[in-house]
Amino acid sequence: MTSPTHKFLVSALVVVAALGAASAAAAAPADKPSPPVKWAGDFGPPQGAPIHAVLTSPPNVPPPTGRKAPAKVIVELEVVEKDMAISEGVSYTFWTFGGTVPGSFIRVRQGDTVEFHLKNNPNNKMPHNIDLHGVTGPGGGAASSFTAPGHESQFTFKALNEGVYIYHCATAPVGMHVANGMYGLILVEPPEGLPKVDHEYYVMQGDFYTTGKYREKGLQPFDMEKAIDERPTYVLFNGAEGSLTGDKAITARTNETIRLFVGNGGPNLVSSFHVIGAIFDKVRFEGGTNVQKNVQTTLIPAGGAATVEFKTKVPGSYVLVDHSIFRAFNKGALAIMKVSGPEDKTIYSGKELDSVYVGDRSQANLNAVVTATRAAATGTLTKEDQAQAGQALFSGTCSVCHQGNGAGLPGVFPPLAKSDYLATDPQRAISVLLHGLAGKVTVNGTEYNSVMPPMNQFNDDEVANILTYVLNAWGNPGGQIHADDVRKVRAAKAAAPAATH
């Protein structure tokens, strides 16, 4: 019979022998080299003739690549510095990739070899480069693409990882280049492609910093101090207030699947992206491969992106916002998706309240505002021009409380129709609109005690136009308010509120 001591000695010898064999194997030279590391998406060399990438301007997206093998893809992108509208009557000198903000949408396949050409227009004043977050390499390409005006740079990278990625300029001062609109999206499709949908759209948020106030007319320079303090004048989708509203709204029909590629160029703010009246069936958050389902609002960091998908069920206007909500209604972060098709009252009754949600810049009838702005610039503005522009602006904001017919809400909001308060002193209405009104007020013999917040987000022209419309509507005595009248009241300090307990 074997003793316990004997068993222990046998086990020890076995362990020693195994360790010795392992040491000998480690010391001996390898018979063959270790296999090379296979990176994600590395599917061998490019196949077929080189392909020139189809680049699209927002909100359009290039078609799927539809390829079964990696290719050599040539991307040619030009930097253009240009003045464009940032809001109605307000222009800004944007620095752009491809002449638009955001820049051109780029679409490639995972495993592609991308030959990138960056061209800096000879009329530009600044050098630029590009940092693509979808690139594995120093600076995302920035180190290889620094380009002076009138020059072209070239570098090559392999698209190793699928996802939707930001690209932006990374030339010093980086924040200024990004704040001037130098960002866009590059989509790296998985080898099998993305599931088919009915519509794909490209939407990108950015925060902008101007020396003038929100909607202050004229060419507005960049304000570095505001940018450093992270106090944007505008927060916008696709580079301009109203860029995706009215005739420029994105469209769909009922029972269609929508895919939005949503980026956030920053440079500072995080986006709380939300579509009012829709629930995202799928969100690929932060541009990656994980999927979250049944999402109401998704966070998109500055320098990040997301892909959201949902199916349209009933017709109407759906409002895209940054749900940090003052950005939507007071800085411009608002867009519209118009869905047409048959109603389904089992899902929704069909009652629409667009005027409550969408604000003055989402209306399709802003032609009157454009006409009034141009007429004011040429000195040909008439009372009729003002009233028509004022009606468009009133319907977007003021009608929420005062109603479209000026009747107000009994016991809550005083009427504007046949108002003795307005008739007694039309100029007083300027101060009410700019500085607000709190406490008891008697209108047409009825006492009201409510609060009207200041509406100083409107510029001088807009205040004048709204009040001119009100004075000439609903049986009011008529009259005209001029922008100079508003300017004087705005310059004067509002009276200090009375002391209260």
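Select S104 first: in this predicted model, the residue is buried, because its relative accessible area of 7% falls under the 20% limit used for that label. S104 is found in the loop between β3, which spans 90-97, and β4. To see what surrounds the residue, leave aside its neighbours within four places in sequence and display L55, T56, L77, F97, G98, Y167, L185 and Y202, with which S104 is in contact.

From that loop, move along the chain into β4 and bring up the sheet to which the strand belongs. Four strands form this open sheet, in the order β4-β9-β8-β6, and the pairing is mixed. Colour β4 (106-109) and β6 (131-132) separately, since these are the edge strands, each of which pairs on one side only. Now keep β4 in view together with β9, residues 183-189: the two strands pair in the parallel sense over four bridges. Within this pairing, I106 stands opposite I186 in β9, and the two residues can be selected together as a reference point.

The next stops are aromatic rings, for which the count comes to 15 pairs. Select F116 and F155, which form a stacked pair with 5.5 Å from centre to centre and 25° between the planes. This pair links distant parts of the chain, with F116 in strand β5 (residues 113-120) and F155 in strand β7 (residues 152-158), 39 residues apart. Both F116 and F155 are buried, so a clipping plane or a transparent surface may help in viewing them.

Then turn to F237 and F273, whose rings form an edge-to-face pair, at 6.1 Å centre to centre and with 80° between the planes. Because F237 lies in strand β12 (residues 234-237) and F273 in strand β15 (residues 271-276), the pair ties together parts that are 36 residues apart in sequence. Are these two rings buried or exposed? F237 is buried, with a relative accessible area of 1%, and F273 is buried as well, with a value of 0%. Extend the selection to F280 and F310, and the cluster appears: ring pairs link F237, F273, F280 and F310.

For the last stop, select R428 and Y421, and turn the view until the ring of the tyrosine can be seen from the side. R428 lies over the face of Y421, at 3.8 Å from the ring centre.

Definitions and conventions. Residues numbered from 1 in each chain as written. Predicted model: local features only at pLDDT ≥ 70, side-chain atom pairs only at ≥ 80, totals over all residues. Heavy atoms only, no water. Pairing = 2+ DSSP bridges. Buried < 20%, exposed > 50% of the residue type's maximum accessible area, 1.4 Å probe, protein only. Contact = heavy atoms within 4.5 Å. Phe/Tyr/Trp six-rings, centres within 6.5 Å; stacked < 30°, edge-to-face > 60°. Lys NZ or Arg CZ within 6 Å of the ring centre and 35° of its normal.
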